[in-house]
Amino acid sequence: AAEVQKLRDAGADVVIAIMHWGREYRRDANSAEERISQSLINAGVDVILGSHPHVVQPAGMRETTLADGTPHETFLVYSMGNFNSGMVDEYANAGIIVEFTLVEREEGGFDVENIGFLPTYCWPKNGCFTTINAVEYYDVRPDGMTSEEHARLRKSVDDVQALMGGRLTMLEK
């Protein structure tokens, strides 16, 4: 809370925390992530983007009332998964690219709007791992991808979309 206040006092309009946390390969947030995220939310952090578990974890908006009585919303992503990786365990080949817009309010402060995510897939192609837009290839298998790998890509998209539970818009590009 003191660090967030220092940032605000120094003129920060928006505070974004990038967190390295969570248990590897767990698709849900653990108690430490929940406790720390709540502390950051209560301190007035506007956006929390997490990584480390190597799998996608839930995301959404969190509401709180700050110590001064002001209502506050925070956009929280527990884990964005793997962007590019050689991991082939279930769910470890998935990631998301998060998109959002910061909109300034007339009365001061900012809102996080137009929140969306683009599922990505780490594909072992020709001896290296290539990150592709999983939505783009959901219906049409890319050249060189086996039908088994394409089924994994499709399952990856379906599982990430289910994990988000409709809280965020899935983007296509």
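Before I turn to any particular helix, let me fix one word: a residue is called buried when its relative accessible area is under 20%, exposed when it is over 50%, and partly exposed in between. By that rule, the buried residues of helix α2 are E33, S37, L40 and I41. Seen down the axis of α2, those buried residues fall within an arc of 100°, so they line one face of the helix. I should say straight away that what we are looking at is a predicted model.

Let me step back to the whole chain, and then return to α2. The chain has three helices and eight strands, and, read from the N terminus on, its elements follow the order α-β-α-β-β-β-β-β-β-α-β. Along its principal axes, the C-alpha trace spans about 55 × 30 × 25 Å. Of the 173 residues in the chain, 41% are buried. If we take the contacts with a separation of 6 or more, 58% of them join residues 24 or more positions apart.

Now back to α2, which covers residues 31-43. Its 13 residues should span 18 Å at 1.5 Å a residue, and the C-alpha atoms at its ends are indeed 18 Å apart, which agrees. As a general point, an α-helix has 3.6 residues a turn, so residues three or four places apart point the same way. What do the buried residues of α2 pack against? Their partners are four strands, namely β1 (16-20), β2 (47-51), β3 (59-65) and β4 (71-77). On the face of α2 turned away from the buried side, we find the exposed residues S31 and R35. At the start of this helix, a side-chain oxygen of N30 comes to within 3.0 Å of the backbone nitrogen of A32, and just after the helix, G44 takes a positive phi of about 100°.

G44 also brings us to the largest pocket, which holds about 520 Å³ of space. This pocket is lined by 25 residues, and the closest to its centre are R8, G44, L66, T70 and H72. Several elements contribute to the lining, with α1 (2-9), α2, β3, β4 and β6 (110-125) each supplying at least two residues.

The next helix to consider is α3, residues 147-164, whose 18 residues reach 26 Å from the first C-alpha to the last, close to the 26 Å expected at 1.5 Å a residue. Its buried residues are E149, H150, L153, S156, V157, D159, V160, L163 and M164, and they pack against β3, β5, β6, β7 (128-133) and β8 (169-170). One of them, S156, has 8% relative accessibility and therefore counts as buried. Leaving aside residues up to four places away in sequence, S156 touches A94, T120 and Y121. Just after α3, G165 takes a positive phi of about 60°.

Let me move on to the loops, beginning with S79, which is found between β4 and β5 (94-104). Is S79 buried or exposed? Its relative accessibility is 0%, so S79 counts as buried. A polar atom of the S79 side chain lies 2.7 Å from the backbone oxygen of V55. V55 is also one of the residues that S79 touches, and the others, again not counting residues up to four places away in sequence, are G50, S51, H52, P53, V56 and Q57.

The loop between β4 and β5 also holds Y91, which is partly exposed, with a relative accessible area of 24%. Its phi is near 75°, a positive value in a residue other than glycine. In general, most residues other than glycine have a negative phi. N126, in the loop between β6 and β7, likewise has a positive phi, of about 55°, although it is not a glycine. With a relative accessible area of 75%, N126 is exposed.

The last residue I would like to point out is A10, in the loop between α1 and β1. A10 is exposed, with a relative accessible area of 71%. Measuring nothing at the bench but simply reading the model, C-alpha to C-alpha, we find A10 and V103 20 Å apart in space, and they are 93 residues apart in sequence.

Technical notes. Residues are numbered from 1 along each chain as its sequence is written. This is a predicted model: local features need pLDDT of at least 70, side-chain atom pairs count only at pLDDT 80 or more; totals for chains, interfaces and linings use all residues. Side-chain values use heavy atoms; hydrogens and water are left out. The expected span of a helix is 1.5 Å times one less than its number of residues. Buried means under 20% relative accessible area, exposed over 50%, partly exposed in between (1.4 Å probe, protein chains only). The arc is that of the directions from the helix axis to the C-beta atoms. Contact means heavy atoms within 4.5 Å. A polar contact is a pair of N or O atoms within 3.5 Å; within protein, one must be able to donate a hydrogen and the other to accept it, and residues adjacent in sequence count only if both atoms are side-chain atoms. On a 1 Å grid over the protein atoms alone, a cavity is a set of points where a 1.4 Å probe fits but cannot get out, and a pocket is an open set with protein on both sides within 12 Å along at least five of seven lines; lining residues have an atom within 4 Å of a point. Grid points are joined across faces, edges and corners, and a volume is the space filled by probe spheres set on the points.
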